[in-house]
Structures are given as C-alpha cells and as structure tokens.
Amino acid sequence: MPMRIGILGSGLIGGKLGIVFARAGHDVIFSYSRSRKKLDKLAREAGANGHVGTPAEAASDADLLLLAVHWTRVDDVLKQTAKLSSKTLLSCSLPMSADDSHMVIGHTCSGAEALAAKVPKTRVVSAFSTVPSEVLFTVFERRHHGTPPDLIYCGDSKAAKKMVATLIRDVGFNPVDIGELRAARLIEPFSLAVARIAYGGHSPRLAYRFVRFGDQPQADTRRHSSNRSIRQRRSAAASHSRSAT
Ligand SMILES: NC(=O)c1ccc[n+]([C@@H]2O[C@H](COP(=O)([O-])OP(=O)(O)OC[C@H]3O[C@@H](n4cnc5c(N)ncnc54)[C@H](OP(=O)(O)O)[C@@H]3O)[C@@H](O)[C@H]2O)c1
C-alpha cells in the first residue's frame, strides 16, 4: 500500500532515500533545503511520485516523515512542521556535534530518544543511519538479486515499526528489528563504525549483513571458556532487554 512520505532534509541521504521511496511507489514530498532548484531536481529524479513543498506541507497528511538533517538543524525543522503528534517520524539523523567530530548524546540516552522527547506522541523510529547514502541506489537496483544486506532499526511503536520495515524492504534491505527506541543507543555509535569502514579508503558503497552460526559451541580445547563467554553475553543481552521495558 503506497504511503505519503514527507522528507524533512533533502540532502545526501534524505534526497536519495526520497528518490528510492518514490521509485518504489510511494508519494514523496521533498522539503527543507536552502535551494528550491535542488528540491525541484530531486522531485524530477523521483518521477511521477515526487513533489516539492515546505516542511509544513510535507508533514500535512503524511503517513510518515523522514528526518534527515544535521543534528544542529533538528529544532529548526521541527519548528517549521505543524503538529506531528500521532505521526511516524523515521529518523536517520545522528546526534553529532556541529563540526561532526563526536556524538553529543550517548551511553545513557540516544539522539532518537532525545528527538522523541521533543515531539511527544510522535512515533519515532530509528533506521537508515547505519548505511552510507552512496550505497542506497545500488541496493535498490539489486533488490531482487541474491541475499539482501541487513538494516537494523528500533522504535517503541509496533505499528510505526511495521511501516518502516516495509520501507526498508522496499529499498532492498532485510529489516532487523533490534527492539525498543532505547536500542538507538547501540544503533548510533554502530553507524559511526560503519561510516569509518565505508569512508576508510575504498568505495563507500558499503552495506552489512549478519551471519548467524549454530548455537552449539565447538568441541575444542576452549570449550569451557567459550561456554562461559556465551553465558556472559546472553546475560548481558537479557539484562539490556529487561531494562528496556
Ligand atoms: N549522508 C549519509 O550517508 C548519512 C548516513 C547516515 C546518517 N546520516 C545522518 O543524516 C543526517 C543528514 O545527513 P546528510 O549527509 O544528508 O546531510 P546534508 O547533505 O547536509 O543534508 C541536510 C539537509 O538539511 C538542509 N538544510 C536546510 N537548512 C539548512 C541550514 N540552515 N543549514 C544546514 N542544512 C540545512 C540541507 O540543505 P541544502 O540542501 O541547502 O544543503 C540539506 O538538504 C545527519 O544527521 C547525518 O548524521 C547521513
């Protein structure tokens, strides 16, 4: 079922995701660029489903909004959108300092949770920050060929996460739900690790895939220590998900 999607921040990642969402059949409004020409170009590239508007127009009647601005612009763009309550707000924005040298939120909170606190009753989902924008068209073009790359996401609303999982699939990824919104505390630094690999000298057209092997520990001389380490990790994961509830 096609969604109406507002793009808040039509730069490197917002522009490309908007184009891909439109090509996948969704109705997309590009907004929040300092250049009207740029927005028009994006809408043309998106085809018949691409439109241009103000942030308020992008938000009005939208089923879902993509927030793709620098962290320092979040308050400004939110101010320009009308009421967002009960909407789904998909954020790929990372809580970076103005010079992008470090995260300004982490450990005990995440950018996604801080965002959710700014827009009460809005259903915030964190996704797409873990891949570089450069890979999006490639993943979309190859979406029907072979095993898709994974993409982790999280959020508190099941309904909002279902919409986001649909979009993740439409782009060509396999959605991996890692839990409630507080799991963005894990997603956000992971995004920086992926970026470091992506921009580390080779092509940034990089995505990732998780490989799960059997749970049985291998019968080797390290069996006891490996069992202990599996137990420790399981217990850490269980305590993380317990404290998330
Ligand atoms: N790029 C990636 O691969 C990537 C990957 C993961 C996460 N992210 C996150 O996604 C968010 C967006 O990143 P991006 O790389 O797409 O950034 P970007 O290219 O700079 O895009 C930001 C958008 O905000 C717009 N904007 C409007 N008013 C602005 C103002 N006064 N000052 C600055 N920008 C203004 C920009 O306008 P203009 O069009 O006029 O520049 C642009 O369209 C960031 O939080 C980033 O951490 C990006």
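**Exercise 1.** Which hand, left or right, does the crossing of α1 and α2 have, and how are the two helices arranged?

*Solution.* The structure is a predicted model.
Step 1. Identify the helices: α1 covers residues 12-23, and α2 covers residues 36-46.
Step 2. Consider the axes, which lie 8 Å apart and form an angle of about 30 degrees. Because angles under 35 degrees count as roughly parallel, α1 is roughly parallel to α2.
Step 3. State the hand: the crossing of α1 and α2 is right-handed.

**Exercise 2.** Determine which residues form the contact of α1 with α2, and classify them.

*Solution.* Step 1. From α1, the participants are Gly15, Gly18, Ile19, Ala22 and Arg23.
Step 2. Their partners in α2 are Leu42, Glu45 and Ala46.
Step 3. Sorted by class, the contact comprises four nonpolar, two polar and two charged residues.

**Exercise 3.** Compare the expected span of α1 with the separation of its end C-alpha atoms, and describe its burial.

*Solution.* Step 1. With twelve residues at 1.5 Å a residue, α1 should span 16 Å.
Step 2. The end C-alpha atoms of α1 are 17 Å apart, which agrees.
Step 3. Eleven of the twelve residues of α1 are buried, so the helix is mostly covered; among them are Ile13, Leu17 and Phe21.
Step 4. After α1 comes Gly25, with a positive phi near 110 degrees.

**Exercise 4.** Repeat the analysis for α7, residues 158-171.

*Solution.* Step 1. The 14 residues of α7 should span 20 Å, and its end C-alpha atoms are 20 Å apart, in agreement.
Step 2. The buried residues of α7 include Ala160, Lys161, Val164 and Ile168.
Step 3. Gly172 follows α7, and its phi is positive, near 120 degrees.

How values were computed
Residues numbered from 1 in each chain as written. Predicted model: local features only at pLDDT ≥ 70, side-chain atom pairs only at ≥ 80, totals over all residues. Axes fitted to C-alpha atoms, helices over the stretch in contact; angles between N-to-C directions. Helix = DSSP H or I, 4+ residues; strand = E, 2+ residues; numbered from the N terminus. Parallel < 35°, antiparallel > 145°, perpendicular 65-115°, else oblique. Left-handed = near helix turned anticlockwise from the far one by under 90°. Contact = placed C-beta atoms within 7 Å. Nonpolar A, V, L, I, M, F, W, Y, C, P; charged D, E, K, R; others polar. Expected span 1.5 Å × (residues − 1). Buried ≥ 20, exposed ≤ 12 C-beta atoms within 10 Å, placed from the backbone.
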